[in-house]
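Me: I would like a close look at a single part of this model, namely a pair of packed helices. Please set that part in the context of the whole structure.

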Amino acid sequence: MNTLAKITLTETKLALRSPTWVISGLVLPAALLLGLGAIPAIRTESEKTPGMRFLDAWVPSMVVLTIAMMGLQSIPAVIAAYREQGILRRFATTPVHPAKLLVAQLIINVTVTIAGVGLLILLGSVVFDIPGPRHPLGFLLAFVLGTTAIFGFGLIAASVAKTGRAAGGIAMIAYLPIMFFGGVYLPRPLLPEVVQKIGAYVPPGVKAMEDAWTGTGAQPLQLAVLAAFAVGSCVAAAKLFRWE
Amino acid sequence: MPLIEVTNLRKTYGEHVAVDDVSFHVEQGEIFGILGTNGAGKTTTVECLQGLRTPDSGSISVLGLDPKADHTALRQRLGSQLQESRLPEKLKVHEALDLYASFYTNPADPADLLAKLGLTGQRNKYFGKLSGGQKQRVSIALALIGRPEVAVLDELTTGLDPHARRDTWKLVEAVRETGVTVLLVTHFMDEAERLCDRLAIFDAGRVVAAGTPLELRDRTGKTTLDDAFVTLTGRD
């Protein structure tokens, strides 16, 4: 087995032994979907969501929750704690570069994100008859760009923070507005129009996912803005990142 | 030719001069001590040896290699135990050893190493559940897992109780018996006196004296290394 596979396997075991983040990314959004979907009023068409049920319009916000949990809560906490505890430095004294540890963590967190979103789509379709994304490619593109942008923000927080706890605090600066504009705290159809409009361009791009899911497809401008955020946040994280 | 040769090493962090014109050498098979108070420049010097930091000036040769230019080759042959470096709480002892063993081309047998360090009974325990002495022994095991020719042990016994400290000292001597050269960083005089064949006393980023513990005591006319240290660092 090569070292990256070995490190990823070990890190996976660790992630499953302290499963807070895996549960937050995988189980929490799905549980919210099931819980809210159990309320009959939410399963009816509302005047705020013409042509669809309130629940259908709200699923993309659960995708936002999944991405934000893993990218802005899990990643910053884990990476900054590894630096704080000297684990990255310890790796640097071995023949293996600590970047492999970072890559292993990204693999795990992205995998949980994908699984979480997959579970949302599956449960939505099986339990509530919510059709899958109408424009799968556009949805996939928005998801990939949005996830990259959010994980980039998370890595920036992990870069500038001295401790795992501090990283969580710094990530909150991005986490709270992203959750708000993403319609996690209050469903987007209930938000003021201007907030909805801004939300269309805030990563991870809830509007692009909505449009690809139930509308006429993700708009090029939305995707371009998401791509800019993705490149910008990753470049900034790479510049800011410290191994110790 | 010495195994480690440090010549006129200098390292600054901004305005602060951490290491200033440090020179010393370490012979094969000895336990060499780097002794000094906190902030004396011990860890910075060792980090330059490990290739973790780039010196401002001066030269370092470890096993005939340049720690920065030849870091890949050196890391196969130099084992490190770092000050204030932990492992994940929920990592089991044998998993840590298996993982680190996979980093080296010719690693030691993890089970064998655990037995030598008296950790066989702990192999399935989480790192976070170990006592301070056991954690240090795991740390030593990880420093030795790649069958290094040189082992750097930084503040090995800080925070350990007297029994655990003495057990750890015996381990360091046992490591040397196997032919590994040991570079021991410490601020404990008794530890340096007990373990080191030779040592360099660091103060404010400089080496103020070097020699065997006996030589340093004789030079200062003191009966303990503790007193000799106080004299040599000019705070008598």
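Reply: The account below begins with the helix pair, moves out to the chain that holds it, and then turns to the interface and the partner chain.

The model is predicted. Two packed helices are described by the angle between their axes and the distance between the axes. Here the pair consists of helix α3 of chain A, residues 54–84, and helix α6 of chain A, residues 136–160. Their axes come within 8 Å and cross at roughly 30°. Since angles under 35 degrees count as roughly parallel, α3(A) and α6(A) are therefore roughly parallel to each other. As for handedness, the crossing in which α3(A) passes α6(A) is right-handed.

Which residues in α3(A) meet α6(A)? The contributors from α3(A) are A:Ile67, A:Ala68, A:Gly71, A:Leu72, A:Ile75, A:Pro76, A:Ile79 and A:Ala80. Facing them in α6(A) are A:Gly146, A:Thr147, A:Ile150, A:Phe151, A:Phe153, A:Gly154, A:Leu155, A:Ala157 and A:Ala158. By residue class, this contact of α3(A) with α6(A) holds 13 nonpolar residues, four polar residues and no charged residues. Glycine is counted in the polar class, and the participants include A:Gly71, A:Gly146 and A:Gly154.

The pair belongs to a chain with ten helices and zero strands. Read from the N terminus, the order of elements in chain A is α-α-α-α-α-α-α-α-α-α. The radius of gyration of chain A is 18 Å, close to the 18 Å that the globule rule gives for 244 residues, so chain A is as compact as a globular protein of that length. Along the principal axes, the C-alpha atoms of chain A fill a box of roughly 60 × 30 × 30 Å. Buried residues account for 47% of the 244 residues of chain A. Among the contacts in chain A with a separation of 6 or more, 77% join residues 24 or more positions apart.

Other helices of chain A take part in the contact with chain B. That contact draws 17 residues from chain A and 20 residues from chain B. On the side of chain A that touches chain B, α1 (3–17) and α4 (87–92) each supply at least two residues. The largest share of this side, six residues, comes from α1(A). In composition, the side of chain A that touches chain B has six nonpolar, seven polar and four charged residues.

The partner, chain B, has nine helices and nine strands. Its radius of gyration is 18 Å, close to the 18 Å that the globule rule gives for 236 residues, so chain B is as compact as a globular protein of that length. The C-alpha trace of chain B spans about 50 × 40 × 35 Å along its principal axes. Of the 236 residues in chain B, 45% are buried. Pairs 24 or more positions apart make up 65% of the contacts in chain B with a separation of 6 or more.

One residue of chain B may be examined individually. B:Trp169 lies in helix α6 of chain B, residues 162–177. B:Trp169 counts as partly exposed because 17 C-beta neighbours lie inside 10 Å, whereas the buried class requires 20 or more. Leaving aside residues up to four places away in sequence, B:Trp169 touches B:Glu191, B:Arg194 and B:Leu195. B:Glu191 is 22 residues from B:Trp169 along the chain, and their C-alpha atoms are separated by 7.7 Å.

Note on methods. Residues are numbered from 1 along each chain as its sequence is written. Chains are lettered from A and ligands numbered from 1 in the order in which they are written. This is a predicted model: local features need pLDDT of at least 70, side-chain atom pairs count only at pLDDT 80 or more; totals for chains, interfaces and linings use all residues. Two residues are in contact if their C-beta atoms, placed from the backbone, lie within 7 Å. Helices (H or I, at least four residues) and strands (E, at least two) are DSSP runs, numbered from the N terminus. The radius of gyration is taken over C-alpha atoms; the globule rule is 2.2 Å times the number of residues to the power 0.38. A residue is buried if 20 or more other C-beta atoms lie within 10 Å of its own, exposed if 12 or fewer, and partly exposed in between; C-beta atoms are placed from the backbone. Axes are lines fitted to C-alpha atoms, for helices over the stretch in contact, and angles run from 0 to 180 degrees between N-to-C directions. Angles under 35 degrees count as roughly parallel, over 145 as roughly antiparallel, 65 to 115 as roughly perpendicular and the rest as oblique. A crossing is left-handed if the near helix is turned anticlockwise from the far one by less than a right angle, and right-handed if clockwise.
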